[in-house]
Amino acid sequence: MHTVMPDVLKQGAQEDKGEIARLQYFVGAIAVGDLVKSTLGPRGLDKILMPLNPEGARNHQHTVTNDGATILKSVWLDNPVSKILVDVSMQQDNKCGDGTTGVVVLAAEMLRNAEVLIENKIHPQIICDGFRMALEVAREALLNSCFSHDVESETFKQDMLKIARTTLSSKLLTHEKEHFSQLAVDAILRIKDTLNLDLIQIIKKTGATIKDSYLEEGFILEKRIGINQPKTLVDCKIMIANTPMDTDKVKIYGTKVSTDSFEAIQDLENEEKQKMKNKVESIIAHGCNVFINRQLIYNYPEQVFRENKVMTIEHSDFDGMERLASCLDAEIASTFEKNLNIKLGHCDKIEEIIIGEDKLIRFSGCKKNGACTIILRGASMHILEESERSLHDALAVLSETLKDNRVVLGAGCSEMLMSNAIDNLARTVEGKKSLAIEAYAKALRQIPTYILDNGGFDSSEIVSKIRAQHTKGNKYAGIDINKGDVGNIMELGIYESYNSKLSQLTSATEAVEMILRVDDIIKCAPRQRSNV
Ligand SMILES: Nc1ncnc2c1ncn2[C@@H]1O[C@H](COP(=O)(O)OP(=O)(O)OP(=O)(O)O)[C@@H](O)[C@H]1O
């Protein structure tokens, strides 16, 4: 008998159903997982990201990185499931700053194990149910294993240092992790009341070595003080503005002006000058002794400011200005009428300093005292950029820990703890669901496996040893990466933020569940342009 399938999709649309759709998403997920798994852990390797287009190569430098989010952001993918995993990694980056590789590897492993179950005719809904049950048990095990200390105590500060060390140990900064952990903790403790990471500015200057990086109190702006103005000022009242300050050229829009003499043009210019003088005077009338503008300040207004003993700084970049306004507790003004109550910024001192070979401006004693700047030094821009990414991860994780002071053990210890708890659950569940639960536990064990593989160790032997230790009740067993053996992670002090670990677990499971529920991939027909 010949059956005819009715054509319901618009011409140009495509549909992949059932097995074919599933094959697509398994391939996509596993490819993304495999792409980043070699960067996982302290012995993970780095990747070079090259711009595809040779035109772009001239403008964009190559990036050398180990950061999962940076790698995934840069690759071009044409698989819907790969894109979902990239999205999960980005969310992890936005929320916790770290764990962006771990979350993708975990989700990809869950899907790899789910594929085997589906091949054995286990329905995706049963797998999802099993994964849900496993997640609950994993969460409980993680919660029971976490510990915390009072945020004001010295022990908590030590916890923070250990968390920063763990984050930095998989990064380029690993050889200087003591120095940078201290730097990150000092910086984050300065802003602990607001936890506004914008108040920590990172400035990169080539030259010297990464060990020469340091923390500066206050805010540093990469600009110069106006010509012929004093290079130091105390008790500063600062107006931050975004306004045009150019009268050197007369601008007349949309009007035709005819004059019969050069004097008439001179009059026009004088009129413009007077207008600018009035503008400068109205700015000064607000009581400021420093004027910082987003746009250029031309010669004439600068001269008027100088005559009135007001320091000027021009052309500050937009990011820098927003941050400066928040450090100085000022508002960015663009109109200056007398009746406007513009909030000026305050700081104790503004001075010109020299870092490396560059002159910069330092604002110290800022109103929001936590504001500080980390000056990164290093041999090349590649090193500085990767150092900045690593430091950003450490700062984000520390800020997460200050919000929730709970800590868990890293180095595969928490994963093994959760996987053992899930294995115990699998033994009590009847039916096919127990296979899905076991698959979830196996995916968790893959994290320590990859950390060890990347170090060149015999992962199957060491992971089975760690598993046996946990079954015997040694809940601190994990990877001692220096010895390539089982170690006591509590003694080794490899700590991670509870929130970050929990977020990895839940985000990975939710994404996998969503992917498993798909049985149809429909590529919508391209929208036809209407004839104009
Ligand atoms: N000294 C160590 N020994 C063993 N394992 C460690 C050590 N330090 C960190 N780890 C483990 O390495 C894993 C983190 O690796 P990595 O930092 O490469 O990935 P990520 O944090 O998931 O992603 P990313 O840093 O790219 O955002 C965690 O499981 C952590 O417990």
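Me: In which loop is aspartate 329 found?

Reply: In this predicted model, aspartate 329 belongs to the loop between α11 (318-328) and β10 (332-333).

Me: What is the phi of aspartate 329, and how should such a value be read?

Reply: The general idea is that most residues other than glycine have a negative phi. Here, phi of aspartate 329 is near 60 degrees, a positive value in a residue other than glycine. Alanine 411 is another such case, with a positive phi of about 55 degrees although it is not a glycine. Alanine 411 is located in the loop between β14 (407-409) and α13.

Me: Is alanine 411 buried or exposed?

Reply: The reasoning rests on a cut-off: a residue is called buried under 20% relative accessible area. Alanine 411 has 15% relative accessibility and therefore counts as buried.

Me: What does the overall make-up of the chain look like?

Reply: The chain has 17 helices and 18 strands. Of its 532 residues, 49% are buried. The chain exposes about 26,700 Å², and carbon and sulfur atoms supply 49% of that area. To see how the chain is connected, consider contacts between residues at least 6 apart in sequence: 75% of them join residues at least 24 apart.

Me: Where should one look for the largest nonpolar core, and which residues have the most contacts inside it?

Reply: The general idea is that in soluble globular proteins, nonpolar side chains tend to be buried together. In this structure, the largest nonpolar core has 127 residues, and Phe131, Ile238, Phe363 and Leu516 have the most contacts inside it. Helix α14 (residues 433-454) contributes the largest share of this core, 11 residues. Apart from it lies another core, of 18 residues, including Met239, Val280, Cys288 and Phe305.

Me: Which residues does leucine 516 touch?

Reply: Residues up to four places away in sequence are not counted. On that basis, leucine 516 touches Tyr25, Phe26, Leu111, Ala114, Ile118, Pro124, Ile127, Cys128 and Phe131. Phe131 is thus one of the residues touched by leucine 516, and both are named among those with the most contacts inside the largest core.

Me: Leucine 435 is found in helix α14. What is its relative accessibility, and how is that value classed?

Reply: The class between buried and exposed runs from 20% to 50% relative accessible area. Leucine 435 has 38% relative accessibility, so it counts as partly exposed. Leaving aside neighbours within four places in sequence, leucine 435 is in contact with Leu117 and Ile122. Leucine 435 and phenylalanine 131 are 304 residues apart in sequence, yet 9.8 Å apart in space, C-alpha to C-alpha.

Me: Which residues does methionine 133 touch?

Reply: Methionine 133 is in helix α6 (residues 124-145). Not counting residues up to four places away in sequence, methionine 133 touches Leu425, Val429, Lys433 and Ile437. Its relative accessible area is 28%, and methionine 133 is therefore partly exposed. The C-alpha atoms of methionine 133 and glutamate 385 are 42 Å apart, with their positions 252 residues apart in sequence.

Me: How is the packing of two helices to be read, for example that of α7 and α12?

Reply: One considers the distance between the axes, the angle, the handedness and the residues that meet. The axes of helix α7 (residues 154-169) and helix α12 (residues 381-403) come within 9 Å and cross at roughly 145 degrees. The crossing of α7 past α12 is right-handed. On the α7 side, the contact is made by Phe156, Met160, Ile163, Ala164, Thr167 and Leu168; α12 supplies Ser390, Asp393, Ala394, Val397, Leu398, Thr401 and Leu402. By class, the residues of this contact of α7 with α12 are nine nonpolar, three polar and one charged.

Me: At what angle do helix α13 and helix α15 pack?

Reply: Helix α13 (residues 413-428) and helix α15 (residues 459-471) pack at about 65 degrees, with their axes 10 Å apart. This crossing, of α13 past α15, is also right-handed. From α13, Cys413, Met416, Leu417, Asn420 and Asp423 meet Val463, Ile466, Arg467, His470 and Thr471 of α15. The contact of α13 with α15 has five nonpolar, three polar and two charged residues.

Me: Is aspartate 480 buried or exposed?

Reply: Aspartate 480 is in strand β15 (residues 477-480). At 8% relative accessibility, aspartate 480 counts as buried. Leaving aside neighbours within four places in sequence, aspartate 480 is in contact with Asp485, Val486, Gly487 and Leu492.

Key: Residues are numbered from 1 along each chain as its sequence is written. This is a predicted model: local features need pLDDT of at least 70, side-chain atom pairs count only at pLDDT 80 or more; totals for chains, interfaces and linings use all residues. Side-chain values use heavy atoms; hydrogens and water are left out. Helices (H or I, at least four residues) and strands (E, at least two) are DSSP runs, numbered from the N terminus. Buried means under 20% relative accessible area, exposed over 50%, partly exposed in between (1.4 Å probe, protein chains only). Contact means heavy atoms within 4.5 Å. Accessible areas come from the Shrake-Rupley method with a 1.4 Å probe; for residues, only the protein chains shown count as cover. Axes are lines fitted to C-alpha atoms, for helices over the stretch in contact, and angles run from 0 to 180 degrees between N-to-C directions. A crossing is left-handed if the near helix is turned anticlockwise from the far one by less than a right angle, and right-handed if clockwise. Ala, Val, Leu, Ile, Met, Phe, Trp, Tyr, Cys and Pro count as nonpolar, Asp, Glu, Lys and Arg as charged, and the others, Gly among them, as polar. A nonpolar core is a set of buried Ala, Val, Leu, Ile, Met, Phe, Trp, Tyr and Cys residues joined through side-chain atoms within 4.5 Å.
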